[in-house]
Structures are given as C-alpha cells and as structure tokens.
Amino acid sequence: MDKFRLDVRMALHLGVVATAAIWGSAAAQEDNRFYVAPMATYVLSDDARHADDGIGGTLALGLPLSASAEIELRGTFIDYKAEDDGGEDVDITGGGFGVNLFFSGPGGPYIHGDVMGGDTTLFNLGLGWDVAIGKSFGIRAEALWHTESNTDDNGQEFREPLFNLGVRIPFGRAPEPPPPPAPAPVVVVPVPPPPPVCSDGLDNDGDGLIDFPADKGCTSADDGDETDPPPKCEAPEPGEAVNLDGCGVGDTIVLRGVNFDFDKSTLTVNAKSLLDGVAGALTKRPDIKVEIGGHTDAKGSDSYNASLSDRRARSVKTYLVGLGIAADRMSTKGYGESSPVADNETDEGRELNRRVELKVTESAGGGVSVAPPVPGKAEPQPEAAAPAPASAAASTVTIKGFAFSPKLLTVPVGTTVQWTNEDGSSHLVNFADQASDRLRQGGTYSRSFDTPGIYAYDCSIHPDMTGTVTVQ
C-alpha cells in the first residue's frame, strides 16, 4: 500500500512540473479557447477481472496552454459485465487531470497522460490524434494503456488497452488570423546625373567659357578655359592618331593613308590600321556626325570615277560600323574627280587627289576647316561653316533598343520635338530644367524649343542613354 501511494504522489508531482514547464515555454497560442471533448470508451478486459470487455465514456474539459500543449480535467465511467451468471458487474468511475503534448503544433498526433482517483486509482498513457473540422469542432481518437490499482487490502492491479473516440467542441469565437507582416519600406536611391561631357558645347563649370575635350575636367573653374586655347581641327601629321577635338560643323579632315587596291574599293592593311584610330576618335566625340567623302584623280571617265569614289566611301563606312560606330552617324558621298586639291598632270598631284575625307555635318561645337598642304600651290581659304539644315521631319525622336534615335538632332527655333517609346522597357526624357513622366511602351513626350542653344538630355532610368537637341 505504501508503495502504491508513493507512485501516485510521484505521478502527481511529475504532472504538475511538466504542466508548469509547458506553460512557461509556451509560444504564441494558435487557439486558446476552452473545449469539451465527450468520447466513447472501450476497454479490453484484463483476464484477472473475470469479466467481459468494459464499455463506458470519458468527458474532458480542456484548455490549450500553447501551440503544442493542453491541460484537461477528465472524468470517466466504465462498466464491466460479469462473465457468468454467478459473477457481479463492476462499474469504475474516476476523475482527475491529464496533459496532451502535440508533436507539431496544434492538431495532429499527440502524447496523452492522465491520472484519476475514485474508488480506485486510474492511470492512462498513450497516443492520440486530433483532426480539426473547420473552426467549430474536431474529431479526437486515443489509444491508451489503462492501469487500475485498487486501494483495498489485497492491492489488486489491472492493466488493459483502452480506446476513446469522440469529438472536441471549442467554446467561443475562433481567433482571427494575425495580419500579414508589413512590407519592407522601399528605399528609392536617386540616380546620379551623368557626368558632363567636355565636348557638349556647354559651360559646365560656370566660368563663362565653353568647355572642350582638352579641358582638365570641365567641372571646375580651374580647368584652364581662360588660359588654354581651344583645340583646332587639324589633320594628323604622319604617324599621329586622328584627333577630332575642336572639330565643328563644316570642318574637314583628310584621311591621308586610307588607300585601296588599284581600281578597286578594297581597303588595304594600312588603310584599316588608320581607320582603327578614326573609330577611336569618333567614339570620343559622340556629339558629331560625319560625311565620308571619296575622291579620285582625273584618270578615267567622270561617271566611272564618281561610281568608284562612292564605292570606296561606302567601304570606309562599312569598316567603321564593324568597329562599333553607329551607322546613322555616318553618310557617304562619291565626288569622283570633281574636287581636286592638286594638279592632276603630275603623279604627286594625282596621289593627293586620290583621298578620303571626313566632313563634320552635325556638331555641338565649332572648328576650322583644314586641308592638306599641296606642294607649290597656295592653300585654299576655307569657306564659312554653314549651319546644319533644319527639317520639320526631323522633329521626332524614337526610343528603341535602349537608345534615342536620332541621338543628335538639329531643329529650327519654334520646333516641337516629340519622343516616342517603342521599347518594351520604360524610359524618361530628362533635361536639366524639366523631365517627362515615365514613358511606357507607346508613350510619348513633347517639348517646344523657342530659344537657340544646345539642349542635352538623358534617360534617368538608363543613364547611358543620352541625346542632344541643337536649336538654331
């Protein structure tokens, strides 16, 4: 008897300690409503009872302590029928508390343990399963090992499998689900403006002088505008690279050394080497467009020479396009023998007349036309540079392939220019004094230019996209 009482006290003590630990470590409760769980009970009778299997019921009143633990008050009634007419029926009743420990949060499988007292002491330990049906109730099943210890002098004890099946009915309103977490704040990082281009024909540093590529930085008043003269548009000396710094509309540079096979438009190896340097010079001056002019000497008919010079000019353009120069920045023209710079009666003169020239047709700056010296002949004075022709048809800019086309646009005063986005991506047309709204595919933006000047712009979303509108 003393050993039985010690076992009861230890079970009660362990139950209280486990409940306190579960309560203290409870996380956020999923559903903390009280519930009642009526269940039918069936017991496989111990042979020592000399009775049929027991049938009865169990009623549990429970409270969730956390998402993975519940505590219950339990009452049970079990009726055992005698095996023969000479025996007696046995009724077992008891009441006490139990604990449910879920494996993975509320619902699903759990471990159950309880202890109940009455005429006898009852212990139950085993597994259960709770299946929620909506928010109003659930189905609960348990398979337990049932132990019954008598408190009379004989100390008889029975051990039997016990099964419970019933429902769980919560009281009150189901808790509302927690609101979704607030989205992380969107941090908008401003896109820095593109650095000034020294050859954009503007006074970027505010010193009252137009900047040019030879400036030390074109962002500081100490860049040397006031002391260093602007560069001239000059033909390169033998062995020097082509330099287009200072070249403006109307300026012409002879590409001496760009030669062809006899009577053909095929570039020689030396010609290609020189054109590699021309591509680099054009890359440094994205603000200009050029005409590639082909010239021949006077040998042959006028029509043949015109055709040959045109083919040679187009060969130069094709090679430069292959080096990455945009095709819309270059035009071609064959002059044949119509514009000699030397005497066609001498071998030396004819060699000078067989030439390729770059003529600047659009530019943000100005310059001086330079022709190569001709032995024994005075150099012709250059004509004044004429402004680029303005055309009403040139008042539309297309945004396509992440580029403005045309990139350099010359229009007369009073022209309204319209930008149309034909890209699948959004773009902005951003001037220093104003900007468009975000242009999606098919969107347009217009601006009227009533004051002469050079207006540089870019796309704030894709800073590599730039363009210039020159108003004359």
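The structure holds 18 salt bridges, and the model in which they are found is a predicted one. Side chains of opposite charge can pair when their charged atoms come close. One of these contacts joins the side chains of E160 and R49, with a nitrogen-to-oxygen distance of 2.4 Å. This pair ties together distant parts of the chain, since E160 sits in strand β8 while R49 belongs to the loop between β1 (35-43) and β2 (54-66), and 111 residues separate the two.

The loop between β1 and β2 also contains H50, a residue that is not a glycine and yet has a positive phi of about 55°. A further backbone feature is the cis peptide bond that runs from S405 to P406, where omega is near 0°; P406 itself is placed in the loop between β14 (404-405) and β15 (408-411).

On the surface, two patches of contrasting character can be described. A patch of negative charge is formed where D47, D52, E83 and D84 gather, and of these residues E83 is located in the loop between β3 (69-80) and β4 (90-102). The other patch is nonpolar, covers about 610 Å², and is made by W129, V131, I133, F137, I139, L165 and I169. At least two residues of this nonpolar patch are supplied by each of β6 (120-133), β7 (137-150) and β8, with β6 giving the most, namely 3 residues. F137, one of the nonpolar patch residues, has its place in strand β7.

The interior can be considered next. How many cavities of 30 Å³ or more are counted? The count comes to 2 cavities, and the second largest cavity holds about 40 Å³ of space. Its lining is made up of T58, R74, T76, I78, D114, M116, N124, H146, L162 and N164. The elements that contribute two or more residues to this lining are β3, β5 (108-118) and β8 (157-170), and the largest share, 3 residues, comes from β3.

The table sets side by side the elements that give the most to the nonpolar patch and to the lining of the second largest cavity.

| Feature | Value of the feature | Leading element | Residues given |
|---|---|---|---|
| Nonpolar surface patch | about 610 Å² | β6 | 3 residues |
| Second largest cavity | about 40 Å³ | β3 | 3 residues |

Strand β8 recurs in this account: it holds E160 of the salt bridge with R49, it supplies at least two residues of the nonpolar patch, and it gives two or more residues to the lining of the second largest cavity.

How values were computed: Residues are numbered from 1 along each chain as its sequence is written. This is a predicted model: local features need pLDDT of at least 70, side-chain atom pairs count only at pLDDT 80 or more; totals for chains, interfaces and linings use all residues. Side-chain values use heavy atoms; hydrogens and water are left out. Patches are made of residues with over 30% relative accessible area and no salt bridge: like charges are joined within 9 Å, nonpolar side chains (Val, Leu, Ile, Met, Phe, Trp, Tyr) within 5 Å. Accessible areas come from the Shrake-Rupley method with a 1.4 Å probe; for residues, only the protein chains shown count as cover. A salt bridge is a side-chain nitrogen of Lys or Arg within 4 Å of a carboxyl oxygen of Asp or Glu. Lys and Arg count as positive and Asp and Glu as negative; His and the chain ends are not counted. The place of a charge is taken as NZ of Lys, CZ of Arg, CG of Asp or CD of Glu. Helices (H or I, at least four residues) and strands (E, at least two) are DSSP runs, numbered from the N terminus. On a 1 Å grid over the protein atoms alone, a cavity is a set of points where a 1.4 Å probe fits but cannot get out, and a pocket is an open set with protein on both sides within 12 Å along at least five of seven lines; lining residues have an atom within 4 Å of a point. Grid points are joined across faces, edges and corners, and a volume is the space filled by probe spheres set on the points.
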